[in-house]
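Visitor: I'm new to this one, and I'd love a close look at a single part. Could you walk me through the aromatic rings and what sits around them?

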Amino acid sequence: MPCHEGEIVVFPPTSVNGTDRQTDTDNQEKDVDLETRFPDGSVRLRNPHVAQMEQDVLYHLALGSGSHDLVEMFSDVKFVCMGGTPKRMEGFAYYIMDEIGYKLPAGTTLLDISYQSYRYSMFKVGPVLCFSHGMGIPSVGILLHEVIKLMYHAKCKDPIFFRLGTCGGIGIEGGNLVISESAVDGLMQPFLELPVLGKMQRRPAVLDKKLANELKQLRYEDDPFTATVGKTMCTYDFYEGQGRLDGAFCDYTETDKLNFLKQVHAQNVVNMEMESLCFAALCHHAGIKGAVVCVTLLNRLHGDQVDTPKETLNKWQEYPQVLVARYIKKQLGLPINIPQRNHPQVVKCPRQAKLVREQSESFE
């Protein structure tokens, strides 16, 4: 259907409520499948221009379809995990390496594949690809465009995307997990608004609820965290957009803030962050199953500033990794609750290895 200037374009979700519309839902899902998958299950782009390009440069990843053999490098990828900072995702790469027992060839080490881009970090551990996505919707949106294209060029089949992050809880204390069932913006709208060629497009921010529930079921009774499935409010700003009182500007009272947080909490919004809306919308538009797992750093009903000790925060940030690693191991047919390796590769005893290095250095 042609669009007129100023018109809002709404992309339909793949599912709707109401049994009387089930046939329409099934047809929508089939249409999306045809648009986003080739017959063998590999990722198909909703962009006819890319296939006609001599080379597609993934500029922010320092990769290209003509300069690199992307099929050889990435076709075995089944899981894409992304989080805010390079350090956190490098740590997750080493963690998942031990959890799934992936062995690097002797004499090699884990490398940031995108280090030459100076923008995002990327680590590959067998079937798991780890990215840092930066902060906020623009940053994660740029990354997702190029990662989805990477999946297409590499002919990856049915990859699953995860965002592992931090958030502010609403009615949930710090150190607990929130698994997003859906995402809304600061106006409680369940879609990403994106101006394209002077027209506003709305892409539904839909996440896979079955995947969210499967993740929740992987939380054990003796885990030091709870796991809550609920709506996530994604804002365009850390301070005013999230109703904080400690920004450079504030034109509202603490009572205004608390009333707003209680109002959205009553509508099953249980946390706030700045990436889930874009993550959900682009994954859904690409026909990719996605999940957002975040650890709360504080309960926003009790304050705005994070004053938890750094050591504790670092431990909390491992909790989303633990849950997602369990899911990956389950999908790979590995034991869920025990790592496949308990010591670093090659080096069995760090103390003895240090002595060997010192002895070797003493000889000329």
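Guide: Happy to! Let's start with Phe225, which is buried, with a relative accessible area of just 2%. Keep in mind that this is a predicted model. A search of the whole structure turns up 5 aromatic pairs, and Phe225 belongs to one of them, together with Tyr319. Their ring centres are 4.9 Å apart, and the planes meet at 35 degrees. That makes the pair tilted, because the label stacked needs planes under 30 degrees apart and edge-to-face needs over 60.

Now look at where the two partners come from. Phe225 lies in the loop between helix 5 (209-217) and strand 11 (227-234), while Tyr319 belongs to helix 9 (residues 319-331). They are 94 residues apart, so the pair links distant parts of the chain. Tyr319 counts as buried too, at 9% relative accessibility, because anything under 20% gets that label.

Next, try Phe238 and Tyr239. These two form an edge-to-face pair, 5.0 Å from centre to centre and with 85 degrees between the planes. Here the rings are partly exposed: Phe238 has a relative accessibility of 34%, and Tyr239 comes in at 36%.

Phe238 has another companion as well: the charged end of Arg244 sits over its ring, 3.9 Å from the centre. You can find a similar arrangement at Tyr220, where the charged end of Arg326 sits over the ring, 4.0 Å from its centre.

Technical notes: Residues are numbered from 1 along each chain as its sequence is written. This is a predicted model: local features need pLDDT of at least 70, side-chain atom pairs count only at pLDDT 80 or more; totals for chains, interfaces and linings use all residues. Side-chain values use heavy atoms; hydrogens and water are left out. Rings of Phe, Tyr and Trp (its six-membered ring) pair if their centres lie within 6.5 Å; planes under 30 degrees apart count as stacked, over 60 as edge-to-face and the rest as tilted. Helices (H or I, at least four residues) and strands (E, at least two) are DSSP runs, numbered from the N terminus. Buried means under 20% relative accessible area, exposed over 50%, partly exposed in between (1.4 Å probe, protein chains only). A charge sits over a ring if NZ of Lys or CZ of Arg is within 6 Å of the ring centre and within 35 degrees of the ring normal.
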